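Q: Hi! Could you walk me through this structure, step by step?
A: Sure, let's look at it together.

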Amino acid sequence: MERPWYTSFNWAMVAAAVLVSLFGVLCIHSADLHDPDASGEWRKQLIYIGIGIAVMSTFAAIDYHKWQRWAFGLYIANLLLLGLVMVGGRSALGAQRWINLGPVQFQPSEPAKLILAICIAALVARATTFGWREMGVTIGAVAVPALLILKQPDLGTSLVIVAILSAELFFGVTRAWYFGIYAAALGAIGAVVVGTNLVLRPFQRNRLLVFLHPDADPQGAGWNLNQSQIAVGSGELFGKGLYRGTQTQLDFVPEHSRDFINTVVGEEFGYLGEIGLLALYAVIIFGAVRAMLAARDRFGFLLAAGLVAMLAFHITINVGMTVGIMPITGIPLPLMSYGGTAVLTDFAAIGIMLNIHLQRDRLVF
Amino acid sequence: MRTVAEAPRPFPRGTWRLVAFVLIVAIALGALIGRLTQVQLLQGARFAAAARANQIRRIPVAAPRGRIYDRNGVVIVRSRPSFVCAMIPSDVRDSAATMHELASVLAVPEAKLWHRLLHHHGVDYKNFDEVAVYEPYGPIVLASDLTATQMARLAESIDRLPGLDLEAQPVRDYPYRKLGSHFVGYVGAIAEDEFKELKGKGYTQNDVIGKEGLEQQYDRSLRGVPGGEQIEVNAAGQLVRRLGPLEPVPGDSLVLAVDWRIQQLAEKALREQVLATSKLRGHPVAGAVVAIDPRDGGIVALASYPNFDPNDFTNGISEKRYAQYLNDPLRPLYDRAIGAATPTGSTFKMVTGSGAISSGVIGKNQVLYDSGAWNCHGHTFVDIASGGLGSTDFERALAASSDGYFYQLGYRLGHARLRHYAEEYGLGRTLGIDVPGEYPGNWPTNAWSMKVYGLPLEPSDVCQLAIGQGAMQATPLQMASVTATVVNGGTLFRPHLVEAIRDPRGRIVRRFDRDVIRHVGVTQEALREVRAGMDQVTKPWGTAYGEDVPGIAYGGKTGTAETDGGNGPNTTWFVAYAPSAHPTIALAVFMERSGGYGATTAAPVARAIIAGYFHKKLPQ
C-alpha cells in the first residue's frame with residue numbers, strides 16, 4: 001500500500017522552523033525599536049520568510065538526487081559568485097561579502113555552505129572506497145571556495161564549511177583512522193591560525209580569543225562579550241518582557257538584530273525563552289537526524305549529516321558566544337538573525353532534508 | 001500491475017559513528033543549556049544589577065550638612081547656600097570657547113577657571129578631554145560664591161554656554177570663625193586615600209567630608225544623604241531620559257554639652273592672657289582651657305590658642321594660607337586642650353593627697369614638718385617655693401602648695417601606690433573624648449624608663465612625681481577631668497562634647513548619656529580634705545591669694561612645671577571648680593612655656609571665666 005506523501009512528511013520540523021523564524025521577526029522588531037535606520041528590517045524579514053517558505057516547499061518537492069547530478073554545475077556557479085564578490089562586491093564593516101542586486105544584497109557565502117554540502121556528499125558517495133586520494137580531492141575542492149570566503153574576510157562561514165566537511169568525512173571515510181589523521185591535521189592548522197598572524201588579521205584573532213579572558217579589555221575587544229553576557233544574564237528566569245530589555249534597547253549590545261539576536265531572547269524572554277528556542281532548534285536538528293536515518297542512499301545520508309552539522313554548529317557558536325563560552329566569530333543564528341540570504345539558505349536546507357525524509361517510503365517503479 | 005518496491009541499495013551507515021555524531025550534537029546543545037542556567041539563573045541577579053548600573057547615572061547634589069548647636073540652642077556651625085557655576089563636561093560643545101566666554105562673563109581670569117577644571121578632588125587632568133572621559137557628568141565647580149552681578153550676567157549668557165549650570169550648593173559656614181575651631185574641626189573635599197577607605201560606605205568622589213574635630217568624628221551623622229538627578233544613558237553615554245531628581249536628605253544636627261557663652265568667655269580670657277603674657281615675656285606663648293561639668297563629664301568649653309578659621313578650608317584652602325598655618329611655630333592647627341601633655345606641677349597634688357589619705361599613709365589633716373627640703377631615698381629635694389612652712393596640716397599644705405609636705409607623701413606612698421592612683425584618675429591613658437587627636441600623656445613605669453633611658457626608675461623619682469614633676473605628663477583635658485572627679489565624689493566620667501543627635505525635623509535620634517569610666521578608689525573623706533585645701537587657695541596663705549572672685553567662693557590649685565630641666569620658661573597650670581559648695585564647673589587652664597607661676601599666669605584666666613560664668617564683676 002502506498003501511503004500518501006503527507007503522512008511521511010516531517011510536519012514537526014516545518015512547524016518548528018516557521019515558529020523560530022516568526023519569533024525572530026518579533027525579536028528583530030524589538031531590537032530595532034530605537035534605530036530609525038533599521039525600522040524596516042522586521043517587515044523585510046517577514047518577506048524573506050515568505051519567500052523562504054516557498055523555497056522550502058519547492059526544495060521539499062525536488063528529488064534530492066537531482067542535486068547529486070547538478071553538483072558540478074553548482075560548484076562552478078558558486079566559484080563564479082564568490083569570485084564576483086572579490087572583484088565587485090560591496091563592503092561593509094571592513095568586509096567584502098555582498099553583491100548588489102538592485103534594492104537588495106546577495107551574500108554568496110550563505111548558499112556556498114549548502115552547495116558545498118551537496119558537492120562533498122556527491123564526491124564521497126561516488127567513490128566505492130574512500131581513501132587518501134579521494135580525501136585529498138574532496139578537501140582540495142572545498143579549500144578553494146573556503147579560502148575565498150576566508151579572504152572576504154568571513155571567518156565564521158569558513159568555519160561552518162569546515163564543520164560540514166568534517167561531518168561528511170566522518171561518515172564517508174572507509175577506515176575510521178583516516179578521519180583521525182584528518183582531525184589531527186585540522187587541529188594543527190587551527191593552532192597555527194589562532195596562534196599566529198599568518199592566516200587571520202589581528203582584529204579577528206583578538207575577537208576570537210577575547211572570550212578566554214573577557215575582562216582584559218572591557219572597553220575594547222571584551223565589550224561585546226561582556227555586554228551581551230550582561231544582557232542574557234540579566235533576563236533571569238522570566239526576562240524583562242518584550243521591548244523592555246535595557247541592554248538591547250539602549251544599544252549596549254551591538255548588532256542586536258543580526259549576530260547578537262540571541263541577547264534579545266535572553267534579556268527580554270529570559271531563561272524560559274532561551275529554553276523554548278533551543279527546544280524548537282532541537283526539533284529541527286533531530287528532524288534532520290531522522291532524515292539521515294531515513295535516507296535511502298549514501299548521498300542523501302551524507303548530505304543530511306552535513307546539514308545537521310551546519311545547523312548545530314551555527315546554533316552552538318552563536319548562542320555560545322553571547323554567553324561567553326564560544327569565540328565571537330560573527331555567524332548568524334539560523335532563521336532568527338536578520339538577513340535574507342541566510343534565511344533563504346536555512347529554509348532551503350530544511351526543504352532538502354524534508355525531501356530526503358519524504359523519500360523514505362517512496363516506491364520506485 | 002503493481003511492481004514490488006525496489007529495495008534501497010544497502011550502504012554502510014556505521015552505527016558507532018552515528019551514535020558518536022548524535023552524541024556530539026546533543027552535548028553541544030546540553031552545554032548551551034548548562035551555561036544559560038549558570039548565567040541566567042545562578043548569576044542572573046548579578047548581571048541584572050550590572051545592567052541597571054550600565055544605564056543609570058546620577059548627577060550628585062550635595063546634602064546640606066547638619067548644624068551644630070550648643071547646649072542652649074545657639075547655632076555654632078551651619079550650612080549656607082553658595083551660588084556656583086558648575087560644568088557638566090559631556091554637554092559642553094567647544095571647551096576652549098566655553099571657558100573663554102565664561103571668563104569674560106564672570107570677569108575672572110581664564111587661567112583660574114582652567115585651574116579649577118583640571119585640578120580638583122586631588123586629581124590632575126591634562127586637558128578637558130580627560131576630564132570629560134573620567135567625569136562626564138561632573139558637576140565640576142568652576143567658580144563658587146558668585147556675587148549678585150556675576151549671577152545676573154551668567155544667567156543671561158547661560159543659554160549660549162551648553163554644559164554650564166548655575167546652581168546653589170550648600171557650603172559649610174562657621175559664623176564664629178576661630179571660636180571653638182579645634183573641637184569643631186573643618187570640612188574639605190574628600191582626598192584620594194580617604195575615598196579609597198570610605199568607598200564602600202556610601203561616599204563618592206565628589207563628597208565633602210569632615211577633616212578634624214566634630215566634623216570628622218560625626219561625619220556619618222552630619223553629612224546626610226546626597227541627592228541628585230538620575231538620568232538614563234545609552235552605551236555612548238548620551239542622555240536618553242531624565243528619571244527625576246532625588247532630593248538630598250539634610251544631615252543630622254549635633255547638640256553639644258558646650259555652653260557657647262562660656263566658650264566665648266574662655267576663648268576671650270585665654271586669648272587676652274596669652275597675648276599679655278607674650279608681650280610681657282617677649283616670646284610667643286600658647287595655651288588651652290578645658291571646662292567640664294563635674295556632674296556628667298560634659299565639656300562646657302574647650303579652647304586652644306592660637307587657633308584657626310575653619311572657613312578657610314571650606315572652598316579648598318589656598319596654598320599660602322595653609323603654609324601660614326603650617327609654618328607658624330605655635331602650630332595653630334594643633335589642639336592643645338586634648339593633645340598637649342606636660343608635667344602638671346602641683347595641680348597633681350590633688351592625686352597625691354587624696355591617694356595618701358585614702359591609703360592611710362597619713363591620717364586626716366595629718367601634721368608633718370616641712371623643713372623646705374626632703375631627703376628622698378638619698379636625694380635631697382628642695383621646695384620650689386623657697387623656705388619651709390614648718391609644721392603644717394594637710395589642708396594648709398595643699399593650699400600653700402608645700403613641696404616638702406608632698407615629697408613626704410610620695411615617699412610614704414612609693415611608686416606602685418602613686419602610680420595606682422594616677423591611673424585610677426585616668427592619667428597615662430586617653431579618656432575617650434568624642435573628637436580625634438586626644439593624647440594619652442604618660443605615667444612613667446619601670447618598663448618605660450628602661451626603654452627611654454635604659455635604666456629603671458630611681459626610688460627617689462617618686463617624690464618628684466608626687467608634686468607633678470619628672471617624667472609624668474598629662475593634658476589639660478585630663479587635669480580638668482581629675483578636678484571634676486575630685487569635686488563630684490570620685491566618679492571619673494568619659495568627657496563628651498555631644499549630648500544628642502537630632503534629625504533634620506528636630507527629633508532626637510540618639511542621646512549620649514553620661515558615661516562612667518570608673519569610680520576612683522579614694523575615700524570621700526580624702527576628697528573632702530583635698531577640696532578643703534583647694535578652697536583655701538585664694539586665702540592669704542594660699543598660692544593664689546588675691547585671685548578671688550567677689551561673691552563666689554571657688555576652689556583651685558596652682559601648678560608650675562619646669563621645662564628644659566629648669567632652664568626653659570615654666571609651663572603654668574591652674575585647676576579650679578566653682579562654686580565651692582556644689583560645683584557645676586571644673587576647669588583646667590594650661591599656659592605653655594608662659595614663664596611665671598600658675599598663680600600669676602594661669603589663675604587669672606580661670607578667675608575671669610568663673611566671674612563671667614556666675615555673672616560677677618571683677619574689680620579692675
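**A buried ring and its surroundings**

A: A friendly note before we start: this is a predicted model. Let's begin with B:Tyr218, which counts as buried because its relative accessibility is 9%, and the cut-off for buried is under 20%.

Q: Which ring does B:Tyr218 pair with, and is the pair stacked or edge-to-face?
A: The partner is B:Phe512. The ring centres are 6.1 Å apart and the planes meet at 75°, so the pair is edge-to-face.

Q: Where in the chain do those two sit?
A: In distant parts of chain B, 294 residues apart. B:Tyr218 is in the loop between helix H9 (213-217) and helix H10 (219-222), while B:Phe512 is in the loop between strand S21 (508-511) and strand S22 (516-519).

Q: And B:Phe512, buried or exposed?
A: B:Phe512 counts as buried, because its relative accessibility is 13%.

Q: How many aromatic pairs are there over all chains?
A: A search of the whole structure gives 32. Ring pairs also build a cluster with members from chain A and chain B: A:Phe170, A:Phe171, A:Phe179, A:Tyr182, A:Phe301, B:Trp16 and B:Phe21.

Q: What about charges, which Arg lies over the face of B:Tyr203?
A: That is B:Arg223, at 3.8 Å from the ring centre. Another example is B:Arg46, which lies over the face of B:Phe47 at 4.9 Å from the ring centre.

Q: New topic! How many residues does each chain bring to the contact?
A: Chain A brings 56 residues and chain B brings 41. About 4000 Å² is buried between the two chains, and carbon and sulfur atoms give 70% of that area.

Q: Which residues of chain A lose the most area to chain B?
A: A:Phe170, A:Leu250 and A:Tyr271, together 15% of what that side buries. A:Phe170 is also a member of the ring cluster from before.

Q: How many salt bridges and polar contacts cross the interface?
A: The rule finds 0 salt bridges between chain A and chain B. For polar contacts, it finds 7 residue pairs, with both residues at pLDDT 80 or more.

Q: Which helix gives the largest share of chain A's side?
A: H12(A), with 13 residues. Helices of chain A that each supply at least two residues include helix H7 (155-172) and helix H13 (298-322).

Q: Last one: what is chain A built from?
A: Chain A has 14 helices and 3 strands. Of its 365 residues, 57% are buried.

Key. Residues are numbered from 1 along each chain as its sequence is written. Chains are lettered from A and ligands numbered from 1 in the order in which they are written. This is a predicted model: local features need pLDDT of at least 70, side-chain atom pairs count only at pLDDT 80 or more; totals for chains, interfaces and linings use all residues. Side-chain values use heavy atoms; hydrogens and water are left out. Rings of Phe, Tyr and Trp (its six-membered ring) pair if their centres lie within 6.5 Å; planes under 30 degrees apart count as stacked, over 60 as edge-to-face and the rest as tilted. Helices (H or I, at least four residues) and strands (E, at least two) are DSSP runs, numbered from the N terminus. Buried means under 20% relative accessible area, exposed over 50%, partly exposed in between (1.4 Å probe, protein chains only). A charge sits over a ring if NZ of Lys or CZ of Arg is within 6 Å of the ring centre and within 35 degrees of the ring normal. Contact means heavy atoms within 4.5 Å. Buried area is the accessible area (1.4 Å probe) that two parts lose on being put together, summed over both. A salt bridge is a side-chain nitrogen of Lys or Arg within 4 Å of a carboxyl oxygen of Asp or Glu. A polar contact is a pair of N or O atoms within 3.5 Å; within protein, one must be able to donate a hydrogen and the other to accept it, and residues adjacent in sequence count only if both atoms are side-chain atoms.
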